[in-house]
Amino acid sequence: MKKIIISAFAIFAVTAAVAQNSDATLNSVTETYTLNSDGSIDYDYFKSLTYNTQFAFNSLFGETFIVYNPEFQTLKINECYTIQSDGTRIDAPANAFNEVLPSAAANSSAYNGLREMVVTHTGLETGATASLSYSIKGKPEGAPTLDIDRIIPVQGANIKEYKIIINLPDGSNKLNWSLDGVKLEPVIRGNTYIWTFRNIPAASGDPHSPVNHTGTIRFTATNSASLAENLRPLTVETFDICRLPDVVTDTMSVDEKIAAVQKFMRSRIATGSVTPDLTGYNLRQCSEVVGSAYGTPAEKAAAMAKILRGEGIDAQMVVVFPKEITARNISNISSYLVMVGGKFYDPNRDGEYNAALRADRDVIFDLAGNEIAVNPSVVKMDCTATISLCADSVTVIKDNCSLAGIAGDCSIKAGSIAKRSPYAIYTVASPSKGVDSWGLQLLPSTRKDLFEIPYAIDENCVYTINLNGVSSSTKDKSERIENSAGCVELKIANDGDSVSISRHINLKKSVYSPAEYDDVRQLLLKWQSPAFRSVIVR
């Protein structure tokens, strides 16, 4: 009996500690998706949230934002109230509900019909609990298939219980679902599937977490029979004539045409963040996108491919998914690209998109649902620089960088001199590509989430510093660290009228677990240290 009491007390203590460390506690969340026999989808939502700090209601959860499309959806607020810490119930007044234009639609008249209901929770104080229930009833033309993509953890709030319920009609395709970050099977009652997540800590907010949310609890579901069926809304070919305005391309090569169209899409067409579910999974015609100077990511990729086809170039839109997601649908597409002859292009950037750099984390499909094989890059970077150092100036005599597995040019600048009479400290400049260009200065000592770098790399830099009228006061030194994440080798050596700085780092992979974080952090901190970047002269 004592053991039971102790265990119960321990559980209470842990739960209380989690709540105390979070600004808020989501006591209960229930999302219910109901696919009707006519193809329409109804959505019901309920949440109960307790405010543990003033920051929770002043900055994080004082309002709830509900975005919907009145053309396809009807919103109904069922209940909204707050129970204060003394038990007083405060029902939300009429002026707590205000409809505005979603910020994602602000730059496009085509999407000015969208609405965002801003629900202001009233009577908030530390210890208060706000409850909200609403429903969105859909029309058949608003959703061709069930398309769910939900990341469960919330930054700033731990979750006691989070429930996802999916109701399917008789005769529906089998539900296809995937769950990353946790193992949990649904409770199945006839055509109803229920997932119940419990005791989920608040999202950590760790910097440099995976862009695909890898390792985070992520639920996706669809009732389509195949990926091709899911992607069908993206395959509708527009019959409008769409050409690149104000640009004569007759004498351009294929690469020049691609560059011109890509530059136009990047610089002249704003990228909106209106999600596919709010557009009814429809794409506007290319001429509309160009004429409005605005497009969703999917619309921009489709328009770029259309313009290139008008130039006689065989181009098609392709889609990118996180590798770990198996129940793929439109909502969890991570990016839209244009493929020409086996090469990929991003409508929002210049130059070729190097898909190989993320092939260990992403998969690419054409719109027929066929995977396009891409082998991961092995990135190797070798740089040398010969530098002339005088008392008051520094000059790069020669620099050379060879890159494998990554496109583009790389160079090394002269570096900088700081004078502290009678000495001067010369610091070498980093290459324009490589580890230093990633901006990984913020590396906390502890970590809860996976740690992601742009790509695995083997980088080697050798600087030869010729001393002209100055002498080195720097001692020879070297250091090597090798662990499970890779290795770092650093060396400074004097050789008569010159000093050499050798820097080598090898990071074996792109994503590291929290258990591996200490090792990769040790390598990066040593690499970033100024000790092996500078020489002292007089």
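**Exercise 1.** In strand 10, which residue is the bridge partner of threonine 34?

*Solution.* The structure is a predicted model. Begin with the two strands concerned: strand 1 covers residues 24–35 and strand 10 covers residues 157–167. They pair in the parallel sense, over 9 bridges. For threonine 34, the partner in strand 10 is asparagine 167.

**Exercise 2.** Place strands 1 and 10 in their sheet, and explain why strand 5 and strand 12 each have one side without a neighbour there.

*Solution.* First, write down the strand order, which is 5-4-8-2-1-10-13-12. This open sheet is formed by 8 strands, and its pairing is mixed. Next, look at the edges, where strand 5 (89–91) and strand 12 (187–189) stand. Each of these has a single partner strand, so one side of each is left without a neighbour in the sheet. Finally, add the twist, which averages 15° from one strand to the next.

As background, strands of a sheet pair through backbone hydrogen bonds, in either the parallel or the antiparallel sense.

**Exercise 3.** Describe the open sheet of 3 strands, and identify the bridge partner of aspartate 180 in strand 14.

*Solution.* The order of this sheet is 9-14-11, with antiparallel pairing. Its edge strands are strand 9 (147–151) and strand 11 (176–180), each of which pairs on one side only. From one strand to the next, the twist averages 5°. Now turn to strand 11 and strand 14 (residues 218–222): they run antiparallel and are joined by 5 bridges. In strand 14, aspartate 180 has arginine 218 as its bridge partner.

**Exercise 4.** Characterise the second largest pocket by its volume and its lining.

*Solution.* The volume of the second largest pocket is about 570 Å³. Its lining consists of 27 residues, and those closest to the centre are Pro153, Ala203, Thr216, Ile217 and Asp449. Sorted by character, the lining residues comprise 13 nonpolar, 10 polar and 4 charged. To relate the pocket to the strands, consider strand 13 (residues 192–200): with 4 residues, this strand supplies the largest share of the lining. Strand 13 also appears in the order of the sheet of 8 strands, written between 10 and 12.

**Exercise 5.** State how confident the prediction is for the protein chain, and where the pLDDT is below 50.

*Solution.* Take the chain as a whole: its mean pLDDT is 93, and 96% of its residues reach 70 or more. Then consider residues 1–20, over which the pLDDT is below 50. Beyond near neighbours in sequence, this stretch has 4 contacts in the model.

Note on methods:
Residues are numbered from 1 along each chain as its sequence is written. This is a predicted model: local features need pLDDT of at least 70, side-chain atom pairs count only at pLDDT 80 or more; totals for chains, interfaces and linings use all residues. Side-chain values use heavy atoms; hydrogens and water are left out. Two strands pair if DSSP finds at least two bridges between them. Axes are lines fitted to C-alpha atoms, for helices over the stretch in contact, and angles run from 0 to 180 degrees between N-to-C directions. pLDDT is the predictor's confidence in each residue, from 0 to 100. Contact means heavy atoms within 4.5 Å. On a 1 Å grid over the protein atoms alone, a cavity is a set of points where a 1.4 Å probe fits but cannot get out, and a pocket is an open set with protein on both sides within 12 Å along at least five of seven lines; lining residues have an atom within 4 Å of a point. Grid points are joined across faces, edges and corners, and a volume is the space filled by probe spheres set on the points. Ala, Val, Leu, Ile, Met, Phe, Trp, Tyr, Cys and Pro count as nonpolar, Asp, Glu, Lys and Arg as charged, and the others, Gly among them, as polar.
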